[in-house]
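Trainee: I would like to go through this structure and ask how each label is earned. Could you show it to me before we start?

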Amino acid sequence: MYRARTVLTNLVPLASLIPRAAPDRFASWILKSDHILCSITGTDIRHYSSSVATEPFLNGSSSAYVEEMYNAWLADPKSVHVSWDSFFRNSTAGAAPGQAYQAPPSLAEPGRNQLPITSLAPLLGAAGAPALGGQVNEKVIDDHLAVQAIIRSYQIRGHHIAKLDPLGISSADLDDKHPPELLYSHYSFGKRPSTTYSQHLQQKVASMMEQEGDMDRVFKLPSTTFIGGKEKALSLREILSRLENAYCRHIGVEFMFINSLEQCNWIRQKLETPGVMEISSEEKRLILARLTRATGFEAFLARKWSSEKRFGLEGCEILIPAMKAVIDKSTELGVESIVMGMPHRGRLNVLANVCRKPLEQIFTQFAALEAADDGSGDVKYHLGTYIERLNRVTNKNIRLAVVANPSHLEAVDPIVQGKTRAEQFYRGDGEGKKVMSLLLHGDAAFCGQGIVYETFHLSDLPDYTTHGTIHIVVNNQIGFTTDPRHSRSSPYCTDVARVVNAPIFHVNSDDPEAVMHVCKIAAEWRATFHKDVVIDIVSYRRNGHNEIDEPMFTQPLMYRKIKTTPHVLDKYSKRLIEEGVVTTEEVKDVRDKYEKICEESYLNARKETHIKYKDWLDSPWSGFFEGKDPLKVSPTGVKEDTLVHIGKRMSSPPPNAAEFVIHKGIERILRSRMEMVESRTVDWALGEGMAFGSLLKEGIHVRLSGQDVERGTFSHRHHVLHHQLVDKATYRPLCHLYPDQGPYTVCNSSLSEFGVLGFELGYSMTNPNALVCWEAQFGDFNNTAQCIIDQFISSGQAKWVRQSGLVMLNPHGLEGMGPEHSSARLERFLQMSSDDPDYFPPESEEFAVRQLHDINWIVANCSTPANYFHILRRQIALPFRKPLILMTPKSLLRHPEAKSSFDEMTENTQFLRVIPDQGPASQNPSSVKKLLFCTGKVYYDLRKAREERKLEGDIAISRVEQISPFPYDLIKKECAKYSNASLAWAQEEAKNQGSWTYVQPRFHTALSGSRDVRPPIQREGFFNKLFGGKSDDNATSQLDSPNTKPRIISYVGRPTAASPATGSKMQHLKELNALLDDALSL
Ligand SMILES: Cc1ncc(C[n+]2csc(CCOP(=O)(O)OP(=O)(O)O)c2C)c(N)n1
Ligand SMILES: [Mg+2]
């Protein structure tokens, strides 16, 4: 009932204009289809106080317009023309009938297709006859307006009654029932008293149509339709038939909500122009050939591996020709590279028949073969690929990448966008003419997953747009076992796309030519307007969710219908045979040929002994690894001149300072920066800026993205200076360091973590020579992007042999701000680190870089600007790429002691994994009683408290700056140095949080005197580990004398807690004091 009401309300403006003549007569002319009849209704919704029926200019057909004007006037009287303002003022003030109206100024010259109606007088037949004297009568105008309204209503609502479901059992818009009040025959038209304006209009239109011969009357076409082609006027019969063809057959298009007349007209033209859907026999044969391959591929897999999950495409095989049509057209229009993201459904088919990945490689995925290279791999329907090949239709080279993805539906969307954006950026493709993204979706996931919305909202942002994405929904009208009516509240599964004004083409999958038509339009739309567009292929799923599932348990009726539904390939073959486009033999021949190709590849695949994960890489970095020593790190220290130059630029107002008015507060900040530069010191922001600037100097692209990153959440960064008097006039000092520097992008993002972090990860995948950073507003918020962290960042390389040097900046630290804004959940990142707590790698010169090479990501918590500077630079200096998870400070941004000297950043300096104590304790280590280890900001609290208690000689404090991979070698050294000291780990986070659970076993390994020397599982392979192979049976070796009693490390800090921090400032201080007391007790 609810849905009926929704439709009813939606249809009111249309319904009010539809004639209410005698039902039988109406039915005879309006349409042959009863769909339309079902959609016609009338409900009166608005009332004007004036008896408008008597107003000379008002007639039945203008009601929608009048209502629109009235609403606009109610909201803001100035928003309508003065004549309307005056009319509504007069009528609401109770002007007598006929007195409210005042003539508007004369109309402008008629435009395209806008002949004066009088010029059509000879064509208008009987109804126009009275007008021949020179004046067209009111009825003729009324009738024309009514026809205009009908045309418009087809354009707006035609999709509701288009025949979109190939099964014919439900409607794509969920409106599968047409309640009686929507049936025209339910009403006795024209007989009600004219109590309201809408009813009055209906009666007027109905009476117009009561005249004999209405269907053959010729009506002038308005400028908002293209159904006439070159003709300016058509008979009503022809108008309706052409509208039916355009909007109510197998294509249903939603576009009239787009707020651009140009774009609406563009779409109307693509759908309404007579003969627009006609295609050549050649094109039909191409569709058939592609459909044959798509169908043949699934059938082949089903035959060879009948009990394997593959999430086949059966029921929507048309997806393959559809994607190819999009690619053909886009290539023709200049696109050279397409980045694709897609879920499980039909993925293997896409790889085989869209990307043309060698079938052997696909088939070997079905065999249980061992991997020939590193990594733990992934299931076959998640793997990515990258192919460069000739498009045979356009004869142009094209690069196709399908981005690897986890099971998490839609999570890959922002990654595809980031990767696309980056590719556009590096190619200098500022308008997206050469690189585009193509995203595939399932119907349930598209409307259910919030990341879809987040991704759409990136689509038009200056630093995130990919200049239009083509979305294709494989709408099989089911999600696993759930029916659409239980999986969404919106009419269509595609409604989310309306937020960005994307046109949406719903199309029946069983009409291949209609599908190809919308694909071509979508590609042209993207090339013309560079905006998103959606193709919703309404189809079905011939099998269960996967090939092993029984769908009859839950969708018995649907599946009974599916069983009797012929395959689209059979239907289309039959149709083309009937049309004489192909012969039966040709159809068979194409099928047999493809079958033969599959068989041959199958035999070749059986000869393979290993699978290679590298065959499935989606982002090859050609040239990056070649000729590089995999264990050599370039220096991260820089010349002092460089620091001075960047520092000065960052401390100076814009070069045109006289005209560019900056804020007084910024002037102060710049002055204090300059003072720091002059005294050869940096604070956090300056250290960061110097890291960025020095990389830019080397030609590295640096990109910093996240919420409010331009200024910095804590108002410390100020990478964009704003003219105080001129809107949008800005200056970015880091963009003006050197004439030949790398490009610097700093961009405030939308308020999204999942979407934006995913985007930046995708961005980082394109080019290893870029420092891509994402900053959380506060570290807490990274958990809304948890899927990106878990499924991509921590595990991406292991699953998909793909590297990323993405940097995550997570403000972290307990500063009395309450449970939120305190913790970036350091413990979770550490828990996902893949280094073995029981394995102390062999000590060597290359200890640190080997560890970095072997780990999945780096987790660090720097306490000095210099170390922050180095670790950022190290991301690029490494000969490989690893994600860097940084806990970043808040209060340290302004802490007078959290400063570094240039001496810590110049040549021959480097990132310090551990910063040892450098005070009195370090001078006389044997007399030190306690060695405290800590990480991050708490160091400054501990140091101050130690100083206050005059314990500098008794207690040494050592900072662990890189927590993971764990600096076993340096920890061992530190502990050995203070051989008589007790050991403690001090942290401000609760005991079950922060670093403790990660560091404790690793301290044990570093201190225990013996170690497990077996290499980590991931490097040896699980089977080797289990069954022997390369692993070393001598599992332990001695680090120290076995007789030495191992030292242990104790914990100092808050007890375990559920919440990251207390909400009470007082309690916070109490806890901090307790922590300091414990830590400094001897
Ligand atoms: C985020 C997420 N939640 C749940 C699942 C489990 N799941 C896998 S497929 C599927 C149904 C998807 O339906 P739809 O998007 O319509 O795609 P279809 O399988 O019908 O092609 C579900 C719920 C998942 N993969 N990802
Ligand atoms: Mg589905």
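Mentor: Start with the classes: Ala, Val, Leu, Ile, Met, Phe, Trp, Tyr, Cys and Pro count as nonpolar, Asp, Glu, Lys and Arg as charged, and the others, Gly among them, as polar. By that rule the shell around ligand 1 holds five nonpolar, eight polar and two charged residues. Keep in mind that this is a predicted model.

Trainee: Which residues come nearest to ligand 1?

Mentor: There are 15 residues around ligand 1, and Arg345, Ser407, Asp443, Ala444 and Ala445 come nearest. The largest share of the shell, three residues, is supplied by helix α16, residues 443-448.

Trainee: What makes the approach of arginine 345 to ligand 1 a polar contact?

Mentor: The cut-off is a pair of N or O atoms within 3.5 Å. In arginine 345, a side-chain N or O atom is 2.9 Å from an oxygen atom of ligand 1. Because 2.9 Å is within 3.5 Å, the pair counts as a polar contact.

Trainee: Which atoms of serine 407 and alanine 445 lie 2.9 Å from ligand 1?

Mentor: For serine 407, a backbone N or O atom lies 2.9 Å from a nitrogen atom of the ligand. For alanine 445, a backbone N or O atom lies 2.9 Å from an oxygen atom of the ligand. On its own, ligand 1 has 580 Å² of accessible area, and the protein covers 75% of that.

Trainee: Now the chain itself. How many helices and strands does the protein chain have?

Mentor: The protein chain has 38 helices and 30 strands. Of its 1082 residues, buried ones make up 58%. The chain exposes about 44,000 Å², and carbon and sulfur atoms supply 52% of that area.

Trainee: What share of the contacts with a separation of 6 or more joins residues 24 or more positions apart?

Mentor: That share is 81% in the protein chain. One pair far apart in sequence is threonine 364 and tyrosine 602: 238 residues separate them along the chain, yet their C-alpha atoms are 8.4 Å apart in space.

Trainee: Why is threonine 364 called buried?

Mentor: Buried means under 20% relative accessible area. Threonine 364 has 7% relative accessibility, so the residue counts as buried. Its place is in helix α14, residues 359-364.

Trainee: What makes strand β4 mostly covered?

Mentor: Strand β4 runs over residues 337-341, and five of its five residues are buried. In a regular strand, side chains alternate between the two faces of the sheet. On one side of β4 are Ser337, Val339 and Gly341, on the other Ile338 and Met340, and all of these are buried. Both faces are covered, then.

Trainee: How do you know that β4 pairs with β7 and β8?

Mentor: Pairing takes at least two bridges between two strands. Between β4 and β7 (residues 396-402) there are four bridges, in the parallel sense. Between β4 and β8 (residues 435-442) there are five, also in the parallel sense. Because four and five bridges each meet the minimum of two, both count as pairs. As examples, isoleucine 338 stands opposite leucine 400 in β7, and valine 339 has serine 437 in β8 as its bridge partner.

Trainee: In the open sheet β23-β25-β24-β27-β30, what makes β23 and β30 edge strands?

Mentor: Each of them, β23 (914-915) and β30 (1049-1054), pairs on one side only. The sheet has five strands, and its pairing is mixed. Within it, β24 (residues 930-934) and β27 (residues 982-990) pair in the parallel sense over four bridges. Phenylalanine 933 stands opposite tryptophan 985 in β27.

Trainee: Why single out some backbone angles?

Mentor: Most residues other than glycine have a negative phi, and most peptide bonds are trans. Phenylalanine 311 has a positive phi, near 50°. Serine 715 has a positive phi too, near 55°. The bond joining serine 964 and proline 965 is cis, with omega about 0°; proline 965 is in the loop between β26 (962-964) and α34 (968-977).

Trainee: Are phenylalanine 311 and serine 715 buried or partly exposed?

Mentor: Phenylalanine 311, in the loop between α11 (281-304) and α12 (319-332), is at 7% relative accessibility, so this residue counts as buried. Serine 715, in the loop between β14 (701-706) and β15 (721-722), has a relative accessible area of 23%, so this one is partly exposed.

Conventions
Residues are numbered from 1 along each chain as its sequence is written. Chains are lettered from A and ligands numbered from 1 in the order in which they are written. This is a predicted model: local features need pLDDT of at least 70, side-chain atom pairs count only at pLDDT 80 or more; totals for chains, interfaces and linings use all residues. Side-chain values use heavy atoms; hydrogens and water are left out. A residue is near a molecule or strand if one of its heavy atoms lies within 4 Å of it. A polar contact is a pair of N or O atoms within 3.5 Å; within protein, one must be able to donate a hydrogen and the other to accept it, and residues adjacent in sequence count only if both atoms are side-chain atoms. Accessible areas come from the Shrake-Rupley method with a 1.4 Å probe; for residues, only the protein chains shown count as cover. Buried means under 20% relative accessible area, exposed over 50%, partly exposed in between (1.4 Å probe, protein chains only). Contact means heavy atoms within 4.5 Å.
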